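Biologist: I would like a close look at one part of this model. Please take me through the nonpolar core and the aromatic rings, step by step.

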Amino acid sequence: MKKTIFVTCGVLAMCLAAPAKADSVESYTGNTYTNVSVPSSGYTTASFITATLTFQNPLPANASLAYGYGGLGRPTATDPLLAFSISDGSQTFSLSNGLNIFLVTGSQGQIVSWFVGACGAPCSSALSIYTQFGVPAPFDAFDGSVQGSSGAVLAYNTDDPGKWTSVPEPSSLLMLGAGILGLAGLSLKKVLLTS
């Protein structure tokens, strides 16, 4: 019986010690638009920006990271962007579209300043979706959608940043669940042995 308990404890320890996949999923939910500049665009003041960025590694603390093309920088080797999606409530863009991402992280690796944008190709004549807060001039604090080369703003809010959240990676949740189940099993076995 003791041998079974030791084996169970050993298996549980290996499960808890096994390295989890380190993907980091950062999710943004903006606040609703306060202005709809082009009523015929179909946007309303109930529409808002959402974005999801999946990185190979957790974001480092106190860092400035840039991805994409244009004036905001090139991908970093240490934190590849694996997946990307941004939506303005009507259109959705992904890694297959043109994108610019600039992130500044705080002491816990949390996103504190950002420019996250994507556009259809070519950018000069298609819808562009942006969320940008806390980035250096000349950018304004802004969530919104812009249409065409003339830069007509379809819908937006200003000075009203949304919220970034870190989403636990699924394998980490499975490992946590397995650990809890293992501990519950050990507790049950101990109760049965002492009965």
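Modeller: What follows is a walk through the core, then the aromatic rings, then two serine and threonine sites. Keep in mind that this is a predicted model.

Start with the core. The largest nonpolar core has 28 residues. Leu53, Phe84, Ile86, Ile101 and Leu103 have the most contacts inside it. Seven strands are named as suppliers of at least two residues each, among them S3 (50–55), S5 (81–87) and S7 (98–105). Strand S8 gives the most, with 4 residues. As a general point, nonpolar side chains in soluble globular proteins tend to be buried together.

Now zoom in on Ile101. Setting aside residues up to four places away in sequence, Ile101 touches Leu53, Leu65, Ala66, Tyr67, Leu81, Phe84, Phe115 and Val116. Two of these names, Leu53 and Phe84, are also on the list of residues with the most core contacts.

Phe115 leads us to the rings. The structure holds 8 aromatic pairs. One of them joins Tyr33 and Tyr43, edge-to-face, with 6.3 Å centre to centre and 75° between the planes. Tyr33 sits in the loop between strands S1 and S2, and Tyr43 in the loop between S2 and S3. They are 10 residues apart. Tyr33 counts as buried because its relative accessibility is 1%. Tyr43 is buried too, at 6%.

Phe115 and Tyr130 form another pair, this one tilted. Their centres are 5.7 Å apart, and the planes meet at 55°. Phe115 belongs to strand S8 and Tyr130 to strand S9, 15 residues apart. Phe115 has 6% relative accessibility, so Phe115 is buried. Tyr130 has 25%, so Tyr130 counts as partly exposed. Elsewhere, Tyr28, Trp114, Phe133 and Trp164 form one aromatic cluster.

Next, Ser145. This residue lies in strand S10 (residues 142–147). Its relative accessibility is 0%, so Ser145 counts as buried. Beyond its neighbours within four places in sequence, Ser145 is in contact with residues including Tyr33, Tyr43, Leu127, Ile129 and Val153. So the two tyrosines of the edge-to-face pair both touch this buried serine.

Finish with Thr92, in strand S6 (residues 92–94). Thr92 is exposed because its relative accessible area is 51%, and the cut-off for exposed is over 50%. Leaving aside neighbours within four places, Thr92 is in contact with Ser85, Ile86 and Ser87. A polar contact of 3.4 Å joins the side chains of Thr92 and Ser87. Thr92 and Gly120 are 28 residues apart in sequence, yet 9.6 Å apart in space, C-alpha to C-alpha.

Methods. Residues numbered from 1 in each chain as written. Predicted model: local features only at pLDDT ≥ 70, side-chain atom pairs only at ≥ 80, totals over all residues. Heavy atoms only, no water. Core = buried A, V, L, I, M, F, W, Y, C linked by side-chain atoms within 4.5 Å. Buried < 20%, exposed > 50% of the residue type's maximum accessible area, 1.4 Å probe, protein only. Contact = heavy atoms within 4.5 Å. Polar contact = N/O pair within 3.5 Å; in protein donor to acceptor, adjacent residues only side chain to side chain. Phe/Tyr/Trp six-rings, centres within 6.5 Å; stacked < 30°, edge-to-face > 60°.
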